[in-house]
Amino acid sequence: MSRPRRPRPRSRPWNLPERDVTPEATYLSRRELLRRMGHGAAIGALGLLGCTADQGTLLPPAAADGPAASRYPAKRNPRYADAGRSLTPAAKAAASCNYYEFSVEKSLVVPLAAKYEFSPWTVEISGEVAKPQTLDIDALLKLMPLEERVYRFRCVEAWAMTVPWTGFPLSALLKRVEPRSSAKYVRLVTRHDPKGFPGVGALGYPWPYHEALTLAEAMNELTLIATGIYGKPMPGHHGAPLRLIVPWKYGFKSAKSLVKIELTSERPKTFWSSASPEYGFFANVNPKVPHPRWSQASERMLSTGRRVPTQLFNGYGDQVAGMYTELQKTERIWY
Ligand SMILES: Nc1nc2c(c(=O)[nH]1)N[C@H]1C(S)=C(S)[C@@H](COP(=O)(O)O)O[C@H]1N2
Ligand SMILES: [Mo]
């Protein structure tokens, strides 16, 4: 877990506190990253958006067409009607989007994703299952019961939001494909489109973005496949047309733009643990286990900018801690 610290002079204008803790900028300075990605000009043109523009004006209309649009807003699940915090305004959540396929620069994710074509889209559910399926997104949406849930969301960079996701439990989908007894893990793979995604080419990351859960984690009641947010179909920047949500883990586990859900017998590799030894497989939220480069004791609410104490398992311990009682004797479960 220990790695050399890079000197990070605080006088530089891009060294705002949030950026200072961006885990992904480990190897290169942000300016260098942006230069290599060819975003220099875009940053010049949009440079003020992150600070002064009314973020509300950056929001593209949600994907309001499509046969599933009439299913929104879905009925809110009373068990998750309220996450004990006020909802984050949609524009604030959009302004903080993390989506490296588009850009490492948060203010560019919304405008770049707005130009991307997310349709048509198919999802494959395969691997150690009795009934593998490849479904068009509309067919999938017709099949699954949609509900709304308000969850807390905690990024490893120590910002947090509270948002209403629309979607269905991953368990409901997995039951349909009938996992074999050999299935122990669920691997989630996102769209691979090096030509279409402007952020992919220049960076040496192991694209496509991929994540994984144990089968028990995937079957946990909290684990969602989200197809919408704020009562509407998912906009591009939050992971259209469908993404994972695992609210007791750091946000990087919640992979966007899924194209494949594969059940496996061996533990799959994950994008961030391949990219850096700072990250492991489990990535459960724990305020007492600092990141090698910063504390996780508190988090900055996107809604107010205030810091609040971080909760163990992001406050979802009642529903998830049991899965780790044995595991944590032999595994590194916090990163
Ligand atoms: N495909 C993909 N999924 C991704 C990411 C990404 O860069 N690409 N970033 C992750 C990180 S680090 C976080 S914090 C969340 C952010 O979700 P949001 O932008 O909808 O808030 O998405 C996660 N899922
Ligand atoms: Mo994140």
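Which backbone oxygen does the side chain of T190 reach? In this predicted model, where local features need pLDDT of at least 70, side-chain atom pairs count only at pLDDT 80 or more, and totals for chains, interfaces and linings use all residues, the side chain of T190 reaches the backbone oxygen of Y209, at 2.9 Å. Such a pair is a polar contact, defined as a pair of N or O atoms within 3.5 Å; within protein, one must be able to donate a hydrogen and the other to accept it, and residues adjacent in sequence count only if both atoms are side-chain atoms.

Two conventions help in following the text. Residues are numbered from 1 along each chain as its sequence is written, chains are lettered from A and ligands numbered from 1 in the order in which they are written, and side-chain values use heavy atoms, with hydrogens and water left out.

The protein as a whole provides the setting. Its secondary structure comes to 11 helices and 12 strands; helices (H or I, at least four residues) and strands (E, at least two) are DSSP runs, numbered from the N terminus. Of the 335 residues, 55% count as buried. Buried means under 20% relative accessible area, exposed means over 50%, and partly exposed lies in between, with a 1.4 Å probe and protein chains only. The protein exposes about 14500 Å², of which carbon and sulfur atoms supply 55%; accessible areas come from the Shrake-Rupley method with a 1.4 Å probe, and for residues only the protein chains shown count as cover. Among contacts (heavy atoms within 4.5 Å) between residues at least 6 apart in sequence, 73% join residues at least 24 apart.

T190 can now be placed in this setting. T190 lies in strand β5, which covers residues 185-190, and T190 counts as buried because its relative accessibility is 1%. Leaving aside neighbours within four places in sequence, T190 is in contact with E101, P208, Y209, A255, K256, S257, L258 and V259. One of these partners, P208, is in the loop between β5 and β6 (210-214), and the peptide bond from W207 to P208 is cis, with omega near -5 degrees.

Two further partners of T190, E101 and K256, lead to the ligand. There are 18 residues around ligand 1, and Y100, E101, H238, R243 and K256 come nearest; a residue is near a molecule or strand if one of its heavy atoms lies within 4 Å of it. A backbone N or O atom of Y100 lies 2.8 Å from an oxygen atom of ligand 1, while a nitrogen atom of ligand 1 is 2.9 Å from a polar backbone atom of S254. A polar side-chain atom of K256 lies 2.6 Å from an oxygen atom of ligand 1. Taken alone, ligand 1 exposes 530 Å², and the protein buries 99% of that.

Where does ligand 1 sit? Ligand 1 sits in the largest cavity. On a 1 Å grid over the protein atoms alone, a cavity is a set of points where a 1.4 Å probe fits but cannot get out. A molecule sits in a cavity if more than half of its atoms lie within 2 Å of its grid points.

Strand β3 (residues 147-154) holds E147, which is buried because its relative accessible area is 17%. The side chains of E147 and R149 are joined by a polar contact of 2.6 Å. Leaving aside neighbours within four places in sequence, the contacts of E147 include A74, K75, N77 and W165. After β3, the loop between β3 and β4 (159-169) contains A158. A158 has a positive phi of about 75 degrees although it is not a glycine, and A158 counts as buried because its relative accessibility is 5%.

F313 also has a positive phi, of about 50 degrees, without being a glycine. The place of F313 is the loop between β12 (307-309) and α10 (317-320), and at 5% relative accessibility F313 counts as buried.

The loop between α3 (40-46) and α4 (90-95) contains S70, which counts as exposed because its relative accessibility is 65%. S70 and P233 are 163 residues apart in sequence and 9.6 Å apart in space, C-alpha to C-alpha. P73 is also in the loop between α3 and α4, and the peptide bond from Y72 to P73 is cis, with omega near -5 degrees.

Helix α5 (residues 106-114) is mostly covered, with 7 of its 9 residues buried. They are K106, S107, L108, V109, V110, L112 and A113.

Note on methods: 1 Å grid on protein atoms, 1.4 Å probe; cavity = no way out; pocket = protein on both sides within 12 Å on 5 of 7 lines; lining within 4 Å.
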